[in-house]
Amino acid sequence: MSGVFGVSRTKKQDVAKLAYYAAFALQHRGQETCGIAVNDQGVFKTYKDVGLATDVLDKEALRRLGEGQMAIGQNLYGTKIQVNRFNAQPMTINHIKGTLALGMDGAIVNASRLRKELELKGVIFHSVSEAEILSGQLIQARLEASSMEEAVLETMSKLRGAYSFVLMTPQKLIGVRDPYGVRPLCIGKLDDGYVISSESCAVVAVGGEFVRDVRPGEVVVIEDGELTSYTDYCNDKPKALCSFEYIYFARPDSVVEGNGIHETRMNLGKLLAKAHPVDADVVIGVPDSGLNAAMGYATESGIPYGIGFLKNKYIGRSFIAPEMEERELLVRIKLNAISSTVKDKRVIVVDDSIVRGVTSARFIRILREAGAKEIHVRSSAPPFIDECFYGTDIDSPETLISRHHSEEEIAEMIGADSVAFLPVEELIKAVKKPCPGLCDACFTANYPIDPSPAKEPMAKQVLQRLHDGD
Ligand code: AMP
């Protein structure tokens with residue numbers, strides 16, 4: 001997952017600043033790279049680099065971006081090989097019919113096939129970014145099409161995967177969500193224009209009014225203050241919003257498909273308490289992502305909610321990390337227990353998820369040292385057992401602790417008195433408003449979009465080549 005944002009106004013204004021506020025509001029969706037492209041009557045300026053919004057987009061960068069009618073921004077979440085300036089977005093590309101800037105969230109399953117197809121036509125790539133492949137495909141389609149929206153619709157017929165993207169042409173701001181609706185995207189209104197954003201929290205951050213979600217498969221085009229919707233790919237296919245958006249990714253003040261994230265996480269905690277009750281003195285949450293579910297667990301169980309941890313908010317990239325032998329210190333610097341909450345108590349500690357189990361082993365050690373008598377770990381996500389091909393990065397499925405171990409074994413491995421996960425069939429019950437449907441492939445291995453192209457040797461070869469610096 002990543003964060004994307006676009007703004008289109010009818011008059012020339014300081015749109016870079018709005019995109020900066022949005023990048024700051026969407027920072028939780030990606031911390032690897034950040035960038036903005038501004039469009040002033042068809043003249044594009046782009047600034048992007050490795051780092052957080054506040055590191056990359058300083059006063060000088062915003063001054064250089066200048067004013068315009070439109071801007072897009074992107075925060076990248078990615079694997080190590082993607083973290084360099086070449087992979088940062090927006091991708092801004094000049095082509096025969098004009099200029100295009102693109103920022104993308106998600107993952108295209110058949111990206112390596114699409115890349116190869118372009119390479120065989122002589123297209124040269126500068127990055128390992130799927131956004132560059134998508135841009136290349138759009139430009140190829142635009143050569144034949146009469147408009148960029150037609151090129152977008154043509155390209156969508158070739159794309160397999162989970163994608164939400166914002167695209168800027170000299171005249172138009174375009175927002176696209178894949179037909180399964182795996183990644184979120186929404187529309188907001190300004191007094192003189194529109195914004196498109198991964199999450200509603202950024203619409204609020206720029207002073208806009210939330211209008212609605214972009215429908216799965218929908219293409220929205222904003223030109224001269226007017227919004228046009230193309231619904232060619234809004235079909236009856238099962239919808240599959242990533243359940244991790246509700247569990248972990250999205251910000252608690254955002255609303256996705258009509259469901260408030262905080263409220264949904266509270267519901268997950270309540271369902272978890274019903275499914276896995278245990279006698280205890282206090283319920284605490286792991287900051288920040290476990291707090292909402294912990295509150296739900298406490299509400300449902302009637303066990304008091306306590307603040308069990310202090311998380312230091314000021315650790316950024318500039319923090320001088322301890323040397324290897326002092327590594328354990330870093331954990332204490334980031335997170336510490338509040339001993340008066342946990343000392344001599346039976347503690348239920350709720351986290352949003354247990355992926356490899358490294359984080360839980362650490363916070364359990366901290367709680368034990370602070371004097372907790374019993375520690376019962378509860379995860380508001382079901383057991384994470386398989387790979388995600390739609391944008392959630394994990395090292396290898398073999399590192400997933402639930403893939404090969406039972407709850408009892410995990411408890412022993414991480415040093416807890418008990419461990420329990422939300423049963424996967426409970427997940428959908430936390431979502432109150434009629435949600436089009438959830439993707440739970442990482443918990444069930446039922447993939448709504450065929451992942452086989454991503455598993456092909458060719459896909460691995462492309463990655464290997466890029467990894468070797470070719
Ligand atoms: P671990 O079990 O040590 O791999 O880490 C689990 C923790 O990582 C959870 O507490 C989550 O808050 C966080 N987390 C869950 N999913 C992701 C993800 N896709 N990317 C980064 N962090 C995640």
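Helix H8 gives the largest share of the shell around the ligand, with three residues. Keep in mind that this is a predicted model. H8 runs over 243-249, and helix H13 (358-369) also brings at least two residues to that shell. In total there are 15 residues around the ligand, and the ones that come nearest are Asp351, Asp352, Arg356, Gly357 and Thr359. Sort the shell by class and you get seven nonpolar, five polar and three charged residues.

Now for the polar atoms. The side chain of Asp352 has an N or O atom 2.7 Å from an oxygen atom of the ligand. At Gly357, a backbone N or O atom sits 2.8 Å from a ligand oxygen. Tyr248 faces a nitrogen atom of the ligand instead, with an N or O atom of its side chain 3.0 Å away. On its own the ligand would expose 500 Å², and the protein buries 83% of that.

Next, look for empty space inside the protein. There are two cavities of 30 Å³ or more. The largest cavity holds about 80 Å³, and H8 turns up again here, since H8 and helix H16 (441-444) each give at least two residues to its lining. Among the lining residues are Ser243, Phe244, Cys388, Ala441 and Cys442. The lining has nine nonpolar, two polar and one charged residues.

The second largest cavity comes to about 30 Å³. Ser243 is part of its lining too, along with residues including Tyr246, Thr264 and Leu438. H8 supplies the largest share of this lining, three residues, and helix H9 (261-275) adds at least two. No charged residues line this cavity: seven are nonpolar and two are polar.

Terms used: Residues numbered from 1 in each chain as written. Predicted model: local features only at pLDDT ≥ 70, side-chain atom pairs only at ≥ 80, totals over all residues. Heavy atoms only, no water. Near = heavy atom within 4 Å. Polar contact = N/O pair within 3.5 Å; in protein donor to acceptor, adjacent residues only side chain to side chain. Areas by Shrake-Rupley, 256 points an atom, 1.4 Å probe, with all protein chains shown as cover. Helix = DSSP H or I, 4+ residues; strand = E, 2+ residues; numbered from the N terminus. Nonpolar A, V, L, I, M, F, W, Y, C, P; charged D, E, K, R; others polar. 1 Å grid on protein atoms, 1.4 Å probe; cavity = no way out; pocket = protein on both sides within 12 Å on 5 of 7 lines; lining within 4 Å. Points joined across faces, edges and corners; volume = space filled by probe spheres on them.
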